[in-house]
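Trainee: I would like to learn how to read the packing between two chains. Could you take me through a case?

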Amino acid sequence: MPDHSFDDFVHAALPALGRYAYALTGERAAGEDLIQDTLVKVAGAWRRVHRDGSPLAYARTTMLNTYLSAWRIRRRRPASVPLEVDWPGPDEYGPVDVRDQLRRALDALPRAQRAVLVLGFLDDLSDEEIAGMLDRRPATVRSLRHRGLAALRRQLDGDQVEGGPYARR
Amino acid sequence: MHDVERLLREELSRRSQLPPPSAAAVVTAVHGLRRRRRITAVAALGAVAVLVTLAGTITALRPSAGSLPPAFPPPAHAGSVSLTEPPEIWFADADHGFALAQSCLADPCQLYVAQTTDGGASWQRHAVPGETFPAEQRSPRVTLRVLSATTLALDGFDGDRRRFTTDGGRTWTEKPMDPQGTVAEIPDGGLAQVRSNTGRPIDIVVLRPDGTSALLATPPQTRPLTSMWTNVVRGDDGSAWVYGGDDTRTWLWLSRDRGRTWREVPLPGDAAGPHAGRGPLLEHGRMLYVVETFPKRRVWRSTDDGAHWADLGKDLPPDPGGDAGLASVVCFDGTLLVYEPTSGAVYRAMPSEDKLGRVGDAPIWQRIGGRYLRAAGPKASDPPVQHSPDGLTWTELRL
């Protein structure tokens, strides 16, 4: 009799995994790629994972590792960069689009910092829980979160004061 | 000033509410991908099998006089044991050191401790019994804590286990990690760590030379720790330093009597503010440095336990955004080296000099106890790693 337990798991876990994948990548296509890569790995270890009884936790950790290791691989490849970063122009009629700036600043963070912020601010996980999932020390998690928030703050506050990055050119 | 944390929560919440893809489509894609990868793997294995057969045939046809098989199989394939990533290496002195290593020929990976007694010229590898981890985890979840030339502890990240050796890794025992009782001071050959307590001042947990732990009877009376380091830094002169902070400020405490009494050390510039970033450089013990990168680049030195601080960094190129950062290391003699990544320049302040001066363009290194370590790959963090007793002559670390 064929074992459909993995397929059932995918149906049940997809909303939770999708939530993380989109929060981490910030894009639908990249998020779906991350979900797929994660599930391929989970499927490879399914018998053991299913027997151990916590496949969702395993899948979530696998997703984080996949996300972080993809960063390592991507670092060695040439990255395509637009000729001109399309920051919004100076807004003479009102405040700059803070949300847009935050999104860009978040996407520009190193992946480890972004992962710590997602785990901490999306699900309110403790430093110890995040450290366990990312295989880092709690002190490292605290440092990554501090640096990530500082970078976001710098970007937002700096842009507000100086009229945005467009104004610096 | 924006409420970044609230904005971040909103943005992540917005992202996470995107509708997930169709489950049926994902299941189909996952099974299809697995099938394709299996076919590729089988093809690759077939090719390897053909090559092995060919190689065996060629070897059998070659004359074999004088090529006797070894009396014993080697204990582990030399190439199969490699340093962990990131490397975990510590030298108790210039000659005696340890490195964590792993072999992932099979899943799970086996953890090794490599020991050197000749300044890193040669290394002996010892498997740590029972210490394995899944290959996909990529690195072991233990902290290397070197107490002396022959004694070390491996503490699990989860605080659930401690493996302990007093003969350089040949034999191991298990020790409890929970502190038992109190000690009046950090003993010679012991280490210490900060333990934060929710809503209460910190504790200092002492790792004794016999591998057991105890609470220090007189920890510094701090506010509850909410950030930064967890190690008690041991200066070369035997001093003990605790650095940390809460949401209102950053503090530094010093003990010169092995933890019996503590006094607070004033920090310069913005280093005393909340979440002050990188901690001071304390390894020398008598010469303290603080390297600030934001909002302004400043490098401070104190030689009187923080009573006075001198700014040495006036000639550093400015970095208004604070994005580039600065790397720094204190040498054994108290000389400070600062690496400026934008220009690739190295600046130096010797103990007798009152400002940093540019001395070269090479990336600098870090201290790992009794030696220096640097990565010599194409990027600053890439292997191979090299170690040095003086920063002048470097030896590649080969297990």
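Trainee: In which hand does helix 1 of chain A pass helix 1 of chain B?

Mentor: This is a predicted model, and in it helix 1 of chain A passes helix 1 of chain B in a right-handed crossing. By class, that contact has 4 nonpolar, 2 polar and 2 charged residues.

Trainee: How is such a pair of helices described?

Mentor: Two packed helices are described by the angle between their axes and the distance between the axes. Here helix 1 of chain A (residues 5–25) and helix 1 of chain B (residues 4–16) have axes that come within 7 Å and cross at roughly 125°. The two helices are therefore oblique to each other.

Trainee: Which residues of helix 1 of chain A and helix 1 of chain B meet?

Mentor: From helix 1 of chain A they are R19(A), Y22(A), A23(A), L24(A) and T25(A). From helix 1 of chain B they are L12(B), R15(B) and S16(B).

Trainee: At what angle do helix 5 of chain A and helix 1 of chain B pack?

Mentor: Helix 5 of chain A (residues 98–107) and helix 1 of chain B pack at about 80°, and their axes are 10 Å apart. An angle of 65 to 115 degrees counts as roughly perpendicular, so that is how helix 5 of chain A and helix 1 of chain B lie to each other. On the side of helix 5 of chain A, the contact is made by V98(A), R99(A), L102(A), R103(A), L106(A) and D107(A). Helix 1 of chain B contributes L7(B), L8(B), E11(B), L12(B), R14(B) and R15(B). By class, this contact has 6 nonpolar, no polar and 6 charged residues.

Trainee: How many salt bridges are there between chain B and chain A?

Mentor: The count is 3. In one salt bridge, the side chains of R15(B) and D107(A) meet at 2.7 Å, N to O.

Trainee: How is the size of an interface given?

Mentor: Often as the accessible area lost when the parts come together. Chain B and chain A bury about 4,600 Å² between them, with 60% of it on carbon and sulfur atoms. The contact takes 47 residues from chain B and 53 residues from chain A.

Trainee: Now the backbone. Is the peptide bond from D107(B) to P108(B) cis or trans?

Mentor: The bond is cis, with omega near 10°. P108(B) lies in the loop between strand 3 (97–103) and strand 4 (109–116) of chain B.

Trainee: What is phi of R258(B)?

Mentor: Phi of R258(B) is near 65°, a positive value in a residue other than glycine. R258(B) sits in the loop between strand 16 (250–255) and strand 17 (263–264) of chain B.

Key:
Residues numbered from 1 in each chain as written. Chains lettered and ligands numbered in written order. Predicted model: local features only at pLDDT ≥ 70, side-chain atom pairs only at ≥ 80, totals over all residues. Heavy atoms only, no water. Axes fitted to C-alpha atoms, helices over the stretch in contact; angles between N-to-C directions. Helix = DSSP H or I, 4+ residues; strand = E, 2+ residues; numbered from the N terminus. Parallel < 35°, antiparallel > 145°, perpendicular 65-115°, else oblique. Left-handed = near helix turned anticlockwise from the far one by under 90°. Contact = heavy atoms within 4.5 Å. Nonpolar A, V, L, I, M, F, W, Y, C, P; charged D, E, K, R; others polar. Buried area = accessible area lost by both parts, 1.4 Å probe. Salt bridge = Lys/Arg side-chain N within 4 Å of Asp/Glu carboxyl O.
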